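Student: I would like to learn how to read a ligand shell, an unusual backbone angle and a group of aromatic rings. Could you take me through them one at a time?

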Amino acid sequence: MSARLDATPLSGHTEAPLVDIEGLARVFDLSKRWLNRMLDGSGKVTLTAVDGVALSIRRGETYALVGESGSGKSTIARMAVGLLPPSAGTVRIADADIWAERSAARQRRIRRQIQMIFQDPFASLNPRWRVGAIVAEPIKAFGLKADAREREQRVGELLSLVGLDPRDAGKFPHEFSGGQRQRIAIARALASEPDFIVCDEPTSALDVSVQAQVLNLLRDLQQSLGLTYLFISHNLAVVRHMASRVGVLYLGRLVEEAPAAMLFAQPKHPYTRMLLDAVPDISMETVEREPIAGEIPNPIKPPRGCHFHPRCPHVMERCRTETPPVYNAEGTAVRCHLYAPEAKG
Ligand SMILES: Nc1ncnc2c1ncn2[C@@H]1O[C@H](COP(=O)(O)OP(=O)(O)OP(=O)(O)O)[C@@H](O)[C@H]1O
Ligand SMILES: [Mg+2]
């Protein structure tokens, strides 16, 4: 169920990927309590939010996940950073299986290596703590600097690194703008000296005018610190700016994966094409674009076969019953029967 969508063969890159996700799945149980089910005769209700996702991310790369609301992006993010246990599958970071690691010391190392930046910086910063304490917390927790003076100095360095003033350490989160607060959240994420950062809609809550500044900061930090990102955004213009590779999610399944330039120039899956068509500013054209046709089906009862078939303009008979395997279409990995070798005849 988890055929890999490896669009970019790792040839030429002998290094193993930093992040390797295999057969990842998450099912949520939405049923009422057992007794209530007995009384009103209702059955068990489950929702498959993530369904057999496999992807790998090389060191220094930005892998973007795109897809409509509810497609499973944040659920993957939470499993990849260790916040939500998967129903099936593995998440490996530099060869450690993060959900199977038993040694406490290695678990700690994994937690230090992985950080997450959330959409809403205000919610992710403790309002009663001064910025200095917020940024110093991971340094303390992971025992990176034992001496208080050294920690203070490190906090100052981190604040400068994200474009703030070391003296901002004495202020509280509410004294900053949204963009500045996201910079504080980034400084705190960097404090543990991570290798891998998951950014879930990191600029979606910010004013358009500051979005680009924060995105450029993330890119600069990636370059200077050699960071690896899993980057989640519903904004395709942002993804185009940030990503080296893009995976397209639909109802919990990866349906297409390609290097970013290829995905934007030649989208293969009918769903990806629909997503790109819905974004007028992606190619800076002024022509009116089609809105995305149809609605996402109910994830509790997803369509059989290809999940996308009820909305697909190219639907064929087999799409209604057979889940497409991964086909290779000129270097793009795509789960769509249109790319079956026999379909091209
Ligand atoms: N804790 C939970 N319990 C039950 N269902 C959940 C839970 N978390 C997520 N879901 C469901 O799983 C599916 C995927 O949700 P997820 O938050 O991963 O989507 P997303 O792609 O991040 O969407 P958005 O773009 O709106 O952030 C949705 O149908 C959602 O309702
Ligand atoms: Mg989300």
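**Reading the ligand shell**

Tutor: Keep in mind that this is a predicted model. A sensible start is to ask which secondary-structure elements contribute to the shell, and here strand S2 (46-57) and helix H2 (73-80) each supply at least two residues of the shell around ligand 1.

Student: Which element gives the most to the shell around ligand 1?

Tutor: That is H2, which gives the most, with three residues. One can then move from elements to individual residues: the shell around ligand 1 comprises 13 residues, of which Ser69, Gly70, Lys73, Ser74 and Thr75 come nearest.

Student: How many residues of each class does the shell around ligand 1 have?

Tutor: Sorted by class, the shell has six polar, five nonpolar and two charged residues, where glycine is counted among the polar ones.

Student: Which atoms of the protein lie at short range from the oxygen atoms of the ligand, and how should I read them?

Tutor: Here the general idea is to separate backbone from side-chain partners, taking N or O pairs within 3.5 Å as polar contacts. In glycine 70 the partner is a polar backbone atom, 2.8 Å from an oxygen atom of ligand 1, whereas in lysine 73 an N or O atom of the side chain is 2.8 Å from an oxygen atom of the ligand. Threonine 75 also takes part through its side chain, with a polar atom 2.5 Å from an oxygen atom of ligand 1. As for cover, ligand 1 has 640 Å² of accessible area on its own, and the protein covers 65% of that area.

Student: Turning to the backbone, which value of phi does glutamate 201 have?

Tutor: The sign of phi is the thing to look at, together with the residue type: glutamate 201 is not a glycine, yet has a positive phi of about 50 degrees. Glutamate 201 sits in the loop between strand S7 (196-200) and helix H8 (208-225).

Student: Is glutamate 201 buried or exposed?

Tutor: Glutamate 201 counts as buried because its relative accessible area is 9%, and the cut-off for that term is under 20%. A second case is leucine 251, another residue other than glycine, whose phi is positive and near 45 degrees. Leucine 251 is found in the loop between strand S9 (245-250) and strand S10 (253-259), and is likewise buried, with a relative accessible area of 7%.

Student: Finally, which residues form an aromatic cluster?

Tutor: Rings are paired by the distance between their centres, within 6.5 Å, and by this rule the count is three aromatic pairs. One aromatic cluster is formed by Tyr250, Tyr271 and Phe308.

Terms used: Residues numbered from 1 in each chain as written. Chains lettered and ligands numbered in written order. Predicted model: local features only at pLDDT ≥ 70, side-chain atom pairs only at ≥ 80, totals over all residues. Heavy atoms only, no water. Phe/Tyr/Trp six-rings, centres within 6.5 Å; stacked < 30°, edge-to-face > 60°. Near = heavy atom within 4 Å. Polar contact = N/O pair within 3.5 Å; in protein donor to acceptor, adjacent residues only side chain to side chain. Areas by Shrake-Rupley, 256 points an atom, 1.4 Å probe, with all protein chains shown as cover. Helix = DSSP H or I, 4+ residues; strand = E, 2+ residues; numbered from the N terminus. Buried < 20%, exposed > 50% of the residue type's maximum accessible area, 1.4 Å probe, protein only.
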